[in-house]
Amino acid sequence: MKKTKAGKSLSILLTLIMTLSALSLLMVTSFAETSGDWEYELLEDDTVEIIRYIGTETEVTIPSKLDGYTVKGLGGENSSLSAVTSITIPDNTEFISIYMLSEMPLLESINVNKNNKYYCSIDGVLFTKDKTMLIHYPAHKPVSEYVIPDSVTSIGDWAFEDALLKSVIIPNSVTRIEWSAFGGCKSLSNITIPDSVTFIGSFAFVDCSSLLSVTIPNSVKEIGYKAFGFVYDDNKGDYKFVDNFIIYGQTGSEAEKYAELYKFNFIPRDKSLFIKISGKYYYYVNGVKQTGWQKIKRGDGKVYYHYF
């Protein structure tokens, strides 16, 4: 998914803020230097930040040192890694730019040295060392379903961006789904949000063109801007609605408020409802679509039968 779709300027600003925080506001004190396949910048504490890969290998190992300096991290918008399929992180890496990771569309595996104090990898997926945040799932990892480990409490910004997945199982440990976490997952058609989730960030499921409905639990107290039901229209250069997108949820919940805000179809899970979708009428009871002959009680108390 192109970064311009979710506001590239804001994305870069957020990345810069997080990078500065990770560096404890360290200042770059020299211009870029080159060592082998890498360009780097010297930091104030005499460590370096890699800013560009200039090699041609598709399986890449980040060096621990360059010209005698310890490599502290990977920063910036590094589109030079766009052909990389595998990346290995050494033990001394302290920060990794999530923006850089999202610029690796062919990435299948991320591997982290077991002695790294800040990161770890499980089956080629990047996590914080304590495994509570899923940082990045490789976009080109060749599987259709993924089960998030139950240690995870937060799914990070752009974590699954452009992934090939059709289904993701989120455990009850997760409380937050951050900015554009599943953005651009065009094959994603099945997602279950557990009752543990309280926050869903802006653009969390934007450009998921195969996702035609979602059930949002009552536990969710905040849903960000265009989190569901939007895809990017390249011709117009703007977002458009997913046709006949359906949101399931409780009456009076954030799910219903979100549906009303964007005029999506809302199916309550706590009462019966007639609804017209694409010119046809449907009948739902507690969020379940009814078929065949149904006995229906009208608002005036009269009962009649209708075939669905």
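This passage walks through the overall make-up of the chain, then one hairpin and one small sheet. The model is predicted, so local features need pLDDT of at least 70 and side-chain atom pairs count only at pLDDT 80 or more, while totals for chains, interfaces and linings use all residues. Residues are numbered from 1 along each chain as its sequence is written, and side-chain values use heavy atoms, with hydrogens and water left out.

The chain has 3 helices and 29 strands (DSSP runs numbered from the N terminus: H or I of at least four residues for helices, E of at least two for strands). Half the story is inside: 50% of the 308 residues count as buried, meaning under 20% relative accessible area with a 1.4 Å probe, protein chains only. About 15,000 Å² is exposed, and carbon and sulfur atoms supply 51% of that (Shrake-Rupley method, 1.4 Å probe). Taking contacts (heavy atoms within 4.5 Å) between residues at least 6 apart in sequence, 35% join residues at least 24 apart.

Now for the hairpin. Strands β10 (residues 119–122) and β11 (residues 125–128) run antiparallel and are joined by 4 bridges; two strands pair if DSSP finds at least two bridges between them. I122 has V125 of β11 as its bridge partner. The turn holds 2 residues, and D123 there has a positive phi of about 55°.

Elsewhere, an open sheet of 3 strands follows the order β13-β15-β17, with parallel pairing. Its edge strands, β13 (145–147) and β17 (190–192), each pair on one side only. Between β15 (residues 167–169) and β17 there are 3 bridges, and V168 is partnered with I191 in β17.
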